[in-house]
Amino acid sequence: MPESVLDCLVIGGGPAGLTAAIYLARFRRRFQVVDAGRSRAALIPTSHNHAGFPEGIHGRTLLGRMTEQARRYGAHIVHGSVTHLEHRPDGVFIATVGSKRIAARTVLLATGVVDREPALPNVPDAIQRGLVRHCGICDGYEVLGKRVAVIGHSSSGLHEALFLRTYTFDVTLLSLGCPLTLSEQERRQAAEAGIGVVEEPVARVVIDGDHVRALSMRDGNHQSFDALYSALGSDARSDLVRGLGTDLDDKGCVVTDAHQRSSTDGLFAAGDVVRSLDQISVAMGQAAIAATAIHNRLRGVPSPDEAPDGTLSFSPQDLCTCCTPSEVR
């Protein structure tokens with residue numbers, strides 16, 4: 001058994017996990033971050049919609065700055081993978097990391113999701129260069145007036161294509177040879193929006209500089225685009241908590257309340273592993289809420305929804321224990 005018990009174990013070192021680390025360190029909590037180094041944010045070539053960086057910022061640069069900030073306050077961040085997580089009857093969590101076992105009173109799951117990538121050559125390189133994208137909300141503005149292809153097999157692909165029509169009139173839906181499961185109504189919707197539909201397999205991808213110059217289709221035709229968007233979906237990295245009986249939704253995301261608490265007592269979740277808008281800013285906000293809730297739980301302070309006023313606020317006025325509400329000024 002581990003010799004000591006942490007206040008919190010943070011699993012994942014992406015924007016959510018690192019934000020939680022900054023907060024927990026400043027709360028002077030005894031915790032550890034275990035990071036497998038698989039944050040989706042590291043694949044972002046340049047984020048232009050993250051507030052505070054008008055020139056944009058590379059995903060790895062952002063993660064590096066957040067890591068430096070957390071460590072400045074004493075955060076303990078280690079590289080590794082949690083392969084097993086158990087919850088003892090006494091409420092303590094035991095995590096297995098390699099040959100080590102870590103005990104913690106609370107756990108924050110910030111493991112994110114993994115994208116389902118299209119069956120195209122050199123996909124990792126194309127993602128790093130911004131040629132294959134995953135988030136129209138994040139970077140649709142960067143394809144203003146350009147030729148864009150959306151890779152998808154179902155309604156989700158069409159929805160992404162329709163969303164990108166906000167930025168360009170030249171949008172094509174590619175199924176890469178897979179059956180395109182669209183209803184007749186959806187096909188009419190695509191046609192009315194001027195979205196082309198190509199169901200032929202792709203035999204070859206020609207990349208020239210920063211452009212996808214051509215997709216050579218198996219029927220001999222060529223299609224040229226400036227950017228490809230993958231709308232194949234993603235899979236939540238929530239396998240660690242399945243054995244705990246934690247409630248997951250139909251996508252495998254952890255179900256949480258307004259304080260980022262899961263159905264497993266002491267287990268919190270933040271970021272893309274929770275069903276929400278998959279954005280860095282959202283992950284950071286959820287992590288701030290979770291870290292503060294964890295800190296107050298360990299202080300023995302009731303969460304706001306257990307307090308008479310039912311507020312989410314964690315301000316000193318709401319949690320004051322040295323005076324009555326009427327005396328607060």
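Hi everyone, let me start with one contact: the charged end of R147 sits over the ring of F225, 5.8 Å from its centre. Please keep in mind throughout that this is a predicted model. R147 has a counterpart elsewhere in the chain, since R26 lies over the face of Y73, at 4.9 Å from the ring centre.

Now let's step back for the overall picture. How many helices and strands does the protein chain have? There are nine helices and 17 strands. The chain has 329 residues, and 47% of them are buried. Its accessible surface comes to about 16300 Å², with 50% of that belonging to carbon and sulfur atoms. As for contacts, take those between residues at least 6 apart in sequence: 59% of them join residues at least 24 apart.

Let's move to strand 1, which covers residues 5-11. Is this strand mostly covered or mostly open? Mostly covered, with six of its seven residues buried. Strand 1 has a parallel partner in strand 6, residues 100-109, and six bridges join the two. If you would like a spot to look at, find L9, which stands opposite V107 in strand 6. Strand 1 also pairs with strand 2, again in the parallel sense, over four bridges. There, V10 has V33 of strand 2 as its bridge partner. To get from strand 1 to strand 2, the chain passes through helix 1, and this β-α-β crossover is right-handed. For anyone new to sheets, a general reminder: strands pair through backbone hydrogen bonds, either parallel or antiparallel.

Helix 1 spans residues 15-26, and the loop between it and strand 2 (31-35) is where we find R28. This residue is exposed, because its relative accessibility is 77% and the cut-off for exposed is over 50%. Its backbone deserves a glance too: phi of R28 is near 65 degrees, a positive value in a residue other than glycine. As a general point, most residues other than glycine have a negative phi.

A second example of positive phi is L176, at near 55 degrees. L176 lies in the loop between strand 10 (171-174) and helix 6 (184-192). Is L176 buried or exposed? It counts as buried, because its relative accessibility is 17% and the cut-off for buried is under 20%.

Next, aromatic rings. A search of the whole structure finds two aromatic pairs. One of them is Y23 with F27: the ring centres are 6.3 Å apart and the planes stand at 65 degrees, so the pair is edge-to-face. Y23 is partly exposed, at 35% relative accessible area, and F27 is partly exposed as well, at 25%.

Last stop: an open sheet of five strands. In what order do the strands run? The order is 8-15-9-10-11, with parallel pairing. At the edges stand strand 8 (132-133) and strand 11 (196-198); each has a single partner strand, so one side of each is left without a neighbour in the sheet. For strand 8, that partner is strand 15, residues 227-230, which runs parallel to it and is joined by two bridges. Within this pairing, R133 stands opposite Y229 of strand 15.

That is my tour, from an arginine over a ring to a strand at the edge of a sheet. Thanks for listening!

Technical notes:
Residues numbered from 1 in each chain as written. Predicted model: local features only at pLDDT ≥ 70, side-chain atom pairs only at ≥ 80, totals over all residues. Heavy atoms only, no water. Buried < 20%, exposed > 50% of the residue type's maximum accessible area, 1.4 Å probe, protein only. Contact = heavy atoms within 4.5 Å. Areas by Shrake-Rupley, 256 points an atom, 1.4 Å probe, with all protein chains shown as cover. Pairing = 2+ DSSP bridges. Right-handed = clockwise from strand over helix to strand, strands pointing away. Phe/Tyr/Trp six-rings, centres within 6.5 Å; stacked < 30°, edge-to-face > 60°. Lys NZ or Arg CZ within 6 Å of the ring centre and 35° of its normal.
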